[in-house]
Amino acid sequence: MTATTTWIFLTSSSSPVHSGLLRSPGGHPAIWVATGRSGGVSAPPFDSLNLARHVGDDVMCVQTNLDRVAADIGARRWAVLDAVHGADVALVSSPGVVTGVDALVTSESDLALIALGADCVTVALTAGSSVAVVHAGWTGLVLGAVPAAVVALREESQSDEVVAVVGPAICGKCYPVPRERAERVREQCAVADAALVVAANGQPGIDVTSGVLAQLDDCGVTVVWRDVRCTAEDPNLFSYRRDGRTGRHGIAICLSTDTSGQG
Ligand SMILES: [Zn+2]
């Protein structure tokens, strides 16, 4: 059996979104979704499907939005990352906001894992009967947040066969950085060749997605889908670099309760 994702249509109001079934070879099917701005209840500048509490949005609106996203993929409970730009991973078995880490792993069914971004890369993964999500900006790229999550997922699932989908992020052309930051990536990051680019304004740029894809490849992870949209260029996505005070979209994944699991 090969790793696949099968496109599915969600019935809720949070469309248009990208969503599908994901399963590793021999593994349990999982449902994932990469959300955009539409389909939620938050008011501007968080309109409307903001999934982050720390940005100044009404917490009840955020709660409703998170509940909607979890319901979209068949879950009644969710655990959401409050990322810190590190590379620590938490194994979770109960719902809530998880602070201090940049990746979550679970083997619980009916528990959606959600990672947030508004220019940073988000990744959803599955292996065996476990799932994971990761958040990585340039710091997470240097520290190895994604490889750390892959290690933790393999340990929890007791399976080496990992498949992943990658959410939208800012592109390298839209992400100019100070020369010192580019130098740090060059010195400390094994995938620097993939990640370092020239931004549209001629400054050094970081293409975090390309770096993350190279890390996933180095880890032997099969990426079955990536969102090619640039958050700064696409008004359907949140972008901190573009808008400053704004919301966060996310990627969510949950083990499917349907064990017949086509796809
Ligand atoms: Zn761009």
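**From an unusual loop to the central sheet**

Pro45 is situated in the loop that connects strand 3 (30-34) with helix 1 (59-72). The structure in which this loop appears is a predicted model. The peptide bond that leads from Pro44 to Pro45 is cis, and its omega angle is near 5°. Ser48 belongs to the loop between strand 3 and helix 1 as well. A cis peptide bond also joins Asp47 to Ser48, with omega at about -15°.

With this detail in view, one may turn to the chain as a whole. The chain contains seven helices and 15 strands. Its C-alpha trace spans about 50 × 40 × 30 Å along the principal axes. How does the radius of gyration of the chain agree with that of a compact globule? For 263 residues, a compact globule would have a radius of gyration near 18 Å, and the chain has 17 Å, so the two agree. Of the 263 residues in the chain, 54% are buried. When contacts between residues at least 6 apart in sequence are considered, 64% join residues at least 24 apart.

The sheet of six strands deserves a closer look. As general background, the strands of a sheet pair through backbone hydrogen bonds, in either a parallel or an antiparallel manner. Here the six strands form an open sheet with mixed pairing, and their order is 5-7-10-9-11-14. Which strands stand at the edges of the sheet? They are strand 5 and strand 14 (222-226); each has a single partner strand, and therefore one side of each is left without a neighbour in the sheet. On average, neighbouring strands of this sheet are turned by 20° against each other, if direction is ignored.

Within the sheet, strand 9 (residues 121-127) and strand 10 (residues 130-136) run antiparallel and are joined by seven bridges. Leu125 stands opposite Ala132, a residue of strand 10. Helix 3 (residues 145-157) packs on the sheet, where it touches strand 5, strand 7, strand 9 and strand 10. The direction of helix 3 makes about 170° with that of strand 10.

Ala132 also leads to strand 7, in which Leu104 lies. Although Leu104 and Ala132 are 28 residues apart in sequence, their C-alpha atoms are 5.4 Å apart in space. Is Leu104 buried or exposed? Leu104 counts as buried, because it has 26 C-beta neighbours inside 10 Å, and 20 or more are required for that label. If residues up to four places away in sequence are left aside, Leu104 touches several others, including Ala79, Leu81, Val92 and Val133.

Two further loops contain residues with a notable backbone angle. His85 lies in the loop between strand 4 (77-82) and strand 5 (89-91). His85 is not a glycine, yet it has a positive phi of about 60°. With 15 other C-beta atoms within 10 Å, His85 is partly exposed. Asp110 is found in the loop between strand 7 (103-106) and strand 8 (111-117). The phi of Asp110 is likewise positive, near 65°, in a residue other than glycine. Asp110 has 14 C-beta neighbours inside 10 Å and therefore counts as partly exposed.

Conventions. Residues numbered from 1 in each chain as written. Predicted model: local features only at pLDDT ≥ 70, side-chain atom pairs only at ≥ 80, totals over all residues. Helix = DSSP H or I, 4+ residues; strand = E, 2+ residues; numbered from the N terminus. Rg over C-alpha atoms; globule rule 2.2 N^0.38 Å. Buried ≥ 20, exposed ≤ 12 C-beta atoms within 10 Å, placed from the backbone. Contact = placed C-beta atoms within 7 Å. Pairing = 2+ DSSP bridges. Axes fitted to C-alpha atoms, helices over the stretch in contact; angles between N-to-C directions.
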